[in-house]
Amino acid sequence: MKYTKLNYEGFENYLVFFGNDLFGGIRYEFKFENRYGASVIKHIGSYGSQYDLFELAVLKDGHLCYDTEITDDVIGYLSNERVIEILERIKAL
């Protein structure tokens, strides 16, 4: 399946990884100066991929983080615009 890529305009300086996901999709990793970041994926097993939507996980020091005010889990079914909104929130933590 061909997936629409993320438009991460404004976050180019925070992108530390972009490439193919282990499951044949796409993956982006962002890292901010506050030690937080995000993994944004879209592949056959991610929440929303069947609708060409993204899944996001909050990272801290490069590891999954489930105890922020943003979420205590991954967030699925995200439009490009919603991913950008959440990246802004993570950047502000």
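## Thr71, the core and a surface patch

Reader: Glad to look at this predicted model with you. Is Thr71 buried or exposed?

Author: Happy to start there. Thr71 sits in the loop between strand 5 (63-64) and strand 6 (75-78). Its relative accessible area is 13%, and buried means under 20%. Therefore Thr71 counts as buried.

Reader: Which residues is Thr71 in contact with, leaving aside its neighbours within four places in sequence?

Author: One link is polar: a polar atom of the Thr71 side chain lies 3.1 Å from the backbone oxygen of Asp73. Asp73 is within those four places, so contact here, meaning heavy atoms within 4.5 Å, leaves Val58 and Tyr66.

Reader: Which element gives the most residues to the largest nonpolar core?

Author: That core has 23 residues, and among those touching the most other members are Phe30, Val40 and Leu87. Phe30, for one, touches Val40 and Leu87, along with others including Leu6 and Tyr14. The elements that give two or more residues to the core are strand 2, strand 3 (36-42), strand 4 (54-60), strand 6 and helix 1 (80-91). With 5 residues, the one that gives the most is helix 1.

Reader: Now for the surface: how much accessible area do Leu22, Phe23 and Ile44 have together?

Author: Take Phe23, which lies in the loop between strand 1 (15-20) and strand 2 (26-31). Its relative accessible area is 54%, so Phe23 is exposed, the cut-off being over 50%. Phe23 forms a nonpolar patch on the surface with Leu22 and Ile44, and their accessible area together is about 420 Å².

Note on methods
Residues are numbered from 1 along each chain as its sequence is written. This is a predicted model: local features need pLDDT of at least 70, side-chain atom pairs count only at pLDDT 80 or more; totals for chains, interfaces and linings use all residues. Side-chain values use heavy atoms; hydrogens and water are left out. Patches are made of residues with over 30% relative accessible area and no salt bridge: like charges are joined within 9 Å, nonpolar side chains (Val, Leu, Ile, Met, Phe, Trp, Tyr) within 5 Å. Accessible areas come from the Shrake-Rupley method with a 1.4 Å probe; for residues, only the protein chains shown count as cover. A salt bridge is a side-chain nitrogen of Lys or Arg within 4 Å of a carboxyl oxygen of Asp or Glu. Helices (H or I, at least four residues) and strands (E, at least two) are DSSP runs, numbered from the N terminus. Buried means under 20% relative accessible area, exposed over 50%, partly exposed in between (1.4 Å probe, protein chains only). A polar contact is a pair of N or O atoms within 3.5 Å; within protein, one must be able to donate a hydrogen and the other to accept it, and residues adjacent in sequence count only if both atoms are side-chain atoms. A nonpolar core is a set of buried Ala, Val, Leu, Ile, Met, Phe, Trp, Tyr and Cys residues joined through side-chain atoms within 4.5 Å.
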